[in-house]
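Welcome! Take a moment to look over the sequence and turn the model around on your screen before reading on.

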Amino acid sequence: MTAGSRCSEETNRVQGLLKKTFDSVTVKKALEHLGRHFSAYMKPDSITMTTLSGLCKQDVVCIFGTGDFGRSLGLRLLQAGYEVVYGSRDPKSSALLPKGAKVMTHEEAAQTARVIFVAVHREHYDFLTSLSLVLEGKVLVDISNNLSRGLYPQSNAEYLSTLVPGAVVVKAFNTISAWALQSGGLDANRQVLICGNNPDAKQAVVDIAHSLGLTALDRGSLRAASELEDIPLQLFPMWRLPFRIAVGLLAVFFIYVLIRDVIYAWVMEKKDISFRIMVSLANKAFPMVALVMLALCYLPGIMAAFLQLYNGTKYRRFPDWLDRWMLCRKQLGLLALAFAFLHVLYTFVIPIRYYVFHRRFTFTSTLIKENKTYEFDNIMAWRSDSYLAMGMLGFALFVLLGITSLPSVSNSLNWREFSCIQSKLGHLTLLLCTAHTFLYGWDKFLKPSAYKWWTPPGYMVSLVVPCLVLILKLFLITPCMDRTITHIRQGWERSAKAGRPPKEEKSSQPLIL
């Protein structure tokens, strides 16, 4: 056997394997590299190797529908090496389709491919009944969604399977938008949810999703189609509870400071300082909300730890309200960070306010007229510098927590790195922000004038939850409590006879809440 024949046989064998595993671009590059590798064995008088670009074509895919999603999907399929055939009710008027795609009638297009994407709304499914014979044994991929939940008694995919009983229906691609396909999945959701009753049909759709650079997740049988169709209709489901908490806290704190500052001055002192509502009162309410919401991120973890201590096991479910609370901690933290950003922005504009200019000018002119000197207070200087330092450090760590919660960043961290930042640095952030608030108040709590209408200042109210969280956390990280929690989370259970974990089992694993 000559070197040329060995090269040809090896090339054909690798080509067959690669076509089953990789997309067309990868096959082409691999085969070109293989050809260069074996070129050393070729004699000058050997026959020239034929090009392999024509052998890298993917299968034919049919798309019913020439709308935005159909065009975007067809373009991506063409870029992946597939041959795309559109089925249209009017093939002659389809001028916006991507270059390289073919347009036929529905019946002609269905005969060219095994996998058919049905990119039309449920209201237009009726034409499929006339194609029942042609669609026999075909894989119909339903990508439709509804305008609202509960619009129909059964899902669109199940309805489609009753219209064309001879075809195999798979629900997929309904959670991917046309914009996501156009952008290449780099700036949008890359996950394709799939459900169906036929494993081979689902695998064919999974292969297409992978060739488009998307990930596929099997959600089970076609009964899950209604659940998949409800996903695009959800409006920030994980943000509802945190948003309600944020709005409630903001309303309570703003009304509280409004009563203490503006209404008290108008009733008791006959002064109109309502102009302070826009900046001064808002800049009091925003940091109070941010501090309390940051504490609320870590309070459920502490409560869960105490429940595990009380139950003596980790195999008992938490209450539903605590589960929901723990699931939305990320959203609580991001909203708290947003309020902290507002506090920083409002603080930056304080020096350019008219009210501040007026007070500063009045104070300076009064000193000049009375020939007085404003003495330097060393204690006040320490207090103000410490107050600012704690605020800046706390805000910097706050921003770091927000950055690491982003999927693109958190996916690059292992579990130990992520938990170290979110737990240890998170509690340090809460400690710094709490110290920042204490330094803001300083000794105001000792002055009777601070308790207007016998109510404590707003900053004191906002310190209740953070101080509670820090005290409980300090109690949990003591060696005896930490050791017990660690044993419980490693699977140890307290029995009726044993009241504590065995002493010989030691672990240096830290407590993560």
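## A tour that starts at one helix

The buried residues of α18 pack against four other helices: α10, α16, α17 (458-462) and α19. Keep in mind that this is a predicted model. From α18 we can step back to the cores, then to the whole chain, and finally to the places where confidence drops.

**Helix α18**

- Which residues of α18 are buried? They are P466, V469, K473 and L476.
- These buried residues lie on the same side of α18, because they cover an arc of only 90 degrees around the axis.
- Turn to the face of α18 pointing away from that buried side, and you will find the exposed residues V464, I471 and L474.
- The length of α18 makes a nice check: with 13 residues at 1.5 Å a residue, it should span 18 Å, and its end C-alpha atoms are 19 Å apart, which agrees.

**The nonpolar cores**

- The largest nonpolar core holds 51 residues, and those touching the most other members are L249, F253, M293, L296, L332, F339 and V469.
- Several helices each supply at least two residues of this core, namely α9 (240-268), α10 (280-311), α11 (320-327), α12 (329-348), α14 (378-404), α16 (415-441), α18 (464-476) and α19 (479-489).
- Which helix gives the most to this core? That is α10, with 20 residues.
- To see one member up close, find F339: setting aside its neighbours within four places in sequence, it is in contact with A246, L250, F286, V289, A290 and M293.
- There is also a second, separate core of 32 residues, and among its members are F69, Y86, A201 and I208.

**The whole chain**

- How many helices and strands does the chain have? You can count 19 helices and eight strands.
- The chain has 513 residues, and 39% of them are buried.
- Take the contacts between residues at least 6 apart in sequence: 69% of these join residues at least 24 apart.
- The chain has an accessible surface of about 30,100 Å², and carbon and sulfur atoms account for 62% of it.

**How confident is the prediction?**

- Across the chain the mean pLDDT is 85, with 84% of residues reaching 70 or more.
- For residues 17-28 the pLDDT is below 50, and the model gives this stretch 15 contacts beyond near neighbours in sequence.
- Residues 37-56 also have pLDDT under 50, and here the model has 17 contacts beyond four places in sequence.

Notes. Residues are numbered from 1 along each chain as its sequence is written. This is a predicted model: local features need pLDDT of at least 70, side-chain atom pairs count only at pLDDT 80 or more; totals for chains, interfaces and linings use all residues. Side-chain values use heavy atoms; hydrogens and water are left out. A nonpolar core is a set of buried Ala, Val, Leu, Ile, Met, Phe, Trp, Tyr and Cys residues joined through side-chain atoms within 4.5 Å. Buried means under 20% relative accessible area, exposed over 50%, partly exposed in between (1.4 Å probe, protein chains only). Contact means heavy atoms within 4.5 Å. The expected span of a helix is 1.5 Å times one less than its number of residues. The arc is that of the directions from the helix axis to the C-beta atoms. Accessible areas come from the Shrake-Rupley method with a 1.4 Å probe; for residues, only the protein chains shown count as cover. pLDDT is the predictor's confidence in each residue, from 0 to 100.
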